[in-house]
Amino acid sequence: MDQKLKLYGFNNLTKALSFNIYDVCYAKTPREQKDYIAYIDEQYNSDRLTGILTTLTDMIGATVLNISQQDYEPQGASVTLLIAEGSMVPVAGETKVAHLDKSHVTVHTYPEYHPETCLATFRVDIDVATCGEITPLSTLDYLIGSFDSDIITMDYRVRGFTRAMDGKKLFMDHRVKSIQDYIAEETLRRYDVVDINVYEANLFHTKMMVKDIDLQNYLFKTDVYELPPRTRLSIMDSLRREMIEIFSGRNIY
């Protein structure tokens with residue numbers, strides 16, 4: 001916000017950002033598939049995810065109140081941060097602290113593979129819920145850069161209302177036309193991007209799919225030059241079909 005609004009009381013607008021990324025890989029044998037899942041599980045364990053979320057919290061100017069993290073068997077991890085706008089450190093001598101602006105950041109990972117298609121998919125779900133003046137949209141470039149993102153879906157929703165000094169209800173305290181406005185042009189050029197926005201409900205949805213596929217980046221423990229041309233084309237076709245279906249949210253092929 002360029003200029004702070006003068007409000008009557010507390011800003012109780014709730015801003016929720018849901019950020020989902022998918023990373024697709026081709027792993028031919030069952031052994032390669034399991035090794036890929038193990039590799040991803042180690043790369044994005046709860047310690048690294050905690051580091052990503054604490055950096056995100058710093059970027060939006062919030063304070064971490066509590067961290068809960070967990071790695072799962074056989075795979076996957078979750079991290080939850082309870083955050084608040086500004087410092088919640090009590091004044092010396094005080095024994096009680098009250099904070100109305102409770103917010104949270106969560107991340108969950110879902111590595112999986114399908115033996116018949118030889119495709120493995122790694123999904124990350126991040127949810128940022130803030131209350132008050134904190135707006136999580138400014139962290140999108142950082143989040144996109146923190147993961148290998150083939151498909152990205154994002155939802156941003158502002159709920160509730162607050163009041164100006166004259167009693168007028170405010171259902172939005174900052175201007176939003178599109179989630180794309182908060183993503184760098186250099187990043188957007190790498191993706192096909194579609195918006196589905198419901199302005200009357202302060203609901204904004206954007207989905208992105210990577211444009212160019214460098215096959216070597218999608219092969220696990222295999223060199224692209226070891227594969228015959230027809231095999232390369234077949235793998236490229238399988239990868240693109242998988243991405244299109246995830247991007248579209250439906251079974252097409």
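Let me begin with serine 103, which, leaving aside residues up to four places away in sequence, touches Leu81, Leu82, Ile83, Ala129, Thr130 and Cys131. Please keep in mind throughout that we are looking at a predicted model. Serine 103 sits in strand β4, and because its relative accessible area is 4%, against a limit of under 20%, it counts as buried.

I chose that starting point with the annotation in mind: the UniProt record, an unreviewed entry, carries an "active site" feature that covers Ser103, His108 and Cys131. Cys131 therefore appears twice in this account, since that record names it and it is also among the residues that serine 103 touches.

Turning to the histidine of that annotation, histidine 108 is likewise found in strand β4. Is histidine 108 buried, exposed or partly exposed? Its relative accessible area is 24%, and because partly exposed covers the range between 20% and 50%, that is the class in which histidine 108 falls. With residues up to four places away in sequence again set aside, histidine 108 touches Ala77, Ser78, Arg123, Val124 and Asp125. One of these, serine 78, also joins its side chain to that of histidine 108 through a polar contact of 2.8 Å.

Let me move on to the backbone, where a few places deserve a look. Glutamate 73 and proline 74 are joined by a cis peptide bond, with omega at about 5°, and proline 74 belongs to the loop between β2, residues 62-71, and β3, residues 77-85.

Two residues other than glycine have a positive phi. For cysteine 118 the value is near 65°, and this residue is placed in the loop between β4, which spans 102-114, and β5, which spans 119-131. For lysine 221 phi is about 60°, and that lysine is found in the loop between β10, at 203-210, and α5, at 229-248. Cysteine 118, with a relative accessible area of 14%, is buried, whereas lysine 221, with 59%, is exposed.

I will finish with another lysine in a loop, lysine 168, which lies between β7, residues 162-163, and β8, residues 169-170. Lysine 168 has a relative accessibility of 55% and, because the limit is over 50%, it counts as exposed. What does lysine 168 touch, not counting residues up to four places away in sequence? The contacts of lysine 168 are with Thr162 and Arg163.

Terms used
Residues numbered from 1 in each chain as written. Predicted model: local features only at pLDDT ≥ 70, side-chain atom pairs only at ≥ 80, totals over all residues. Heavy atoms only, no water. Helix = DSSP H or I, 4+ residues; strand = E, 2+ residues; numbered from the N terminus. Buried < 20%, exposed > 50% of the residue type's maximum accessible area, 1.4 Å probe, protein only. Contact = heavy atoms within 4.5 Å. Polar contact = N/O pair within 3.5 Å; in protein donor to acceptor, adjacent residues only side chain to side chain.
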